[in-house]
Amino acid sequence: MLYFLFLGCALFPCFFFGCSVWLRRSFPRWSETDVIVISKRFVSATHAIIATASGAVVTASCKKDVMMERHWLVPAYLFLAIPYMVYDICVMYYHHCCKECQDQGTPKLKKHTFSMIWSFFKSECLMVLHHLIVAIIFFPTALFLRRGLGDFLVGCLLMMEMSTPFLSLGKILIQFHLQNTLLYKANGILLLLTFFFCRIAVFPYMYWAYGSQHSIPIYRVPFNIPVFCNLGNILLLLPQLHWFYLLCRKAKYLFYKSRSEKPPSATV
């Protein structure tokens, strides 16, 4: 399985570098910040598709016994995804530095100071903490502490990434000034739906699936599983609720903005 770890170390940085080179040549008027944002979105969408496909295969293969059935894709994907989390934090920091240089009108960052790192952490605090918790706690737990139990449940968690391609597509459409198109609005609806069902509703679904397997009512399931499982789910769920709130607030703003911009109907 270490093959997938080394594959992840090479795949995501190389894909990001390739996208960056292609975008610089195709859109020479774009700033370095624009190139980084879109390249990062391409890589994020690719990782999300891999995670979602892996989760779909695992859940379909292990649904007969949600605790005991195993699938080789679970450890394979987890080893692949550990480098992605590290890569994504590095790219977020790189984007932050380029944005600071752009705001200050300097062509290149002279040195990485503690104030710069702290500024990055403050601006991306929730995302950085999410990545660190997933990489330091969730992945090692899923790889080494589960004793091979619950591949179905891990597969459900992998499918949380289903909303990411729609999020990335939205950012790409904005970069191409297509935020007023029907495609952007349809993508926003799909983003909200996939985010709710795959990142929020997935948690009660997992409790229901476990309860059905063991003939336990769903409200009794939290008292029949280890405490650290409940705590882990809470740690994963809380940022999803925050991000979903932000998405709904943005969708509400765009909805009322589009209504206010409609021309008044002609009167006879």
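In which helix does Val91 lie? Val91 belongs to helix α3, and this briefing on a predicted model starts from that residue before turning to the helices around α1, to the aromatic pairs and finally to Asn187. Among the features described are a crossing of α1 with α3 whose axes come within 7 Å, a crossing of α1 with α2 whose axes come within 9 Å, and a set of 17 aromatic pairs in the structure.

**Val91 in helix α3**

- Val91 has a relative accessible area of 5% and is therefore buried, since buried means under 20%.
- Leaving aside residues up to four places away in sequence, Val91 touches Phe16, Ile36 and Lys40.
- Between the C-alpha atoms of Val91 and Leu2, which stand 89 residues apart along the chain, the separation is 23 Å.

**Helix α1 against helix α3**

- The axes of α1 and α3 cross at roughly 40 degrees and come within 7 Å, and the crossing in which α1 passes α3 is right-handed.
- On the α1 side the contact is made by residues including Leu2, Phe4, Leu5, Phe12, Phe16 and Arg24, while on the α3 side the contributors include Ala76, Phe79, Tyr84, Tyr87, Val91 and Tyr94.
- Divided by class, the residues in this contact of α1 with α3 are 17 nonpolar, one polar and one charged.

**Helix α1 against helix α2**

- For α1 and α2 the axes come within 9 Å and cross at roughly 140 degrees, which means that α1 is oblique to α2.
- The crossing of α1 past α2 is right-handed, and the residues that make the contact include Leu11, Phe15, Cys19, Trp22 and Leu23 of α1 together with Glu32, Val35, Ile36, Lys40, Phe42 and Ile50 of α2.
- By class, the contact of α1 with α2 comprises 13 nonpolar, four polar and three charged residues.

**Aromatic pairs**

- Of the 17 aromatic pairs in the structure, one is formed by Phe27 and Phe176, which are arranged edge-to-face at 5.4 Å centre to centre with 70 degrees between the planes.
- This pair links distant parts of the chain, 149 residues apart, because Phe27 sits in the loop between α1 (2–26) and α2 (32–61), whereas Phe176 sits in the loop between α7 (164–175) and α8.
- Both partners count as partly exposed, with Phe27 at 25% relative accessibility and Phe176 at a relative accessible area of 36%.
- Tyr93 and Phe120 form another edge-to-face pair, with 5.4 Å from centre to centre and 75 degrees between the planes.
- Since Tyr93 lies in helix α3 (residues 73–104) and Phe120 in helix α4 (residues 114–123), the pair ties together parts that are 27 residues apart in sequence.
- Tyr93 is buried, with a relative accessible area of 17%, and Phe120 is also buried, with a relative accessible area of 6%.
- Ring pairs also join Phe12, Phe16, Tyr84 and Tyr87 into a cluster, and these four residues take part in the contact between α1 and α3 as well, with Phe12 and Phe16 coming from α1 and Tyr84 and Tyr87 from α3.

**Asn187 in helix α8**

- Asn187 is placed in helix α8, which covers residues 182–200, and its relative accessibility of 5% makes this residue count as buried.
- When residues up to four places away in sequence are not counted, Asn187 touches Phe166, Leu169 and Gly170.
- The C-alpha atoms of Asn187 and Cys19 are separated by 22 Å, and the two residues are 168 residues apart along the chain.

Key
Residues are numbered from 1 along each chain as its sequence is written. This is a predicted model: local features need pLDDT of at least 70, side-chain atom pairs count only at pLDDT 80 or more; totals for chains, interfaces and linings use all residues. Side-chain values use heavy atoms; hydrogens and water are left out. Helices (H or I, at least four residues) and strands (E, at least two) are DSSP runs, numbered from the N terminus. Buried means under 20% relative accessible area, exposed over 50%, partly exposed in between (1.4 Å probe, protein chains only). Contact means heavy atoms within 4.5 Å. Rings of Phe, Tyr and Trp (its six-membered ring) pair if their centres lie within 6.5 Å; planes under 30 degrees apart count as stacked, over 60 as edge-to-face and the rest as tilted. Axes are lines fitted to C-alpha atoms, for helices over the stretch in contact, and angles run from 0 to 180 degrees between N-to-C directions. A crossing is left-handed if the near helix is turned anticlockwise from the far one by less than a right angle, and right-handed if clockwise. Ala, Val, Leu, Ile, Met, Phe, Trp, Tyr, Cys and Pro count as nonpolar, Asp, Glu, Lys and Arg as charged, and the others, Gly among them, as polar. Angles under 35 degrees count as roughly parallel, over 145 as roughly antiparallel, 65 to 115 as roughly perpendicular and the rest as oblique.
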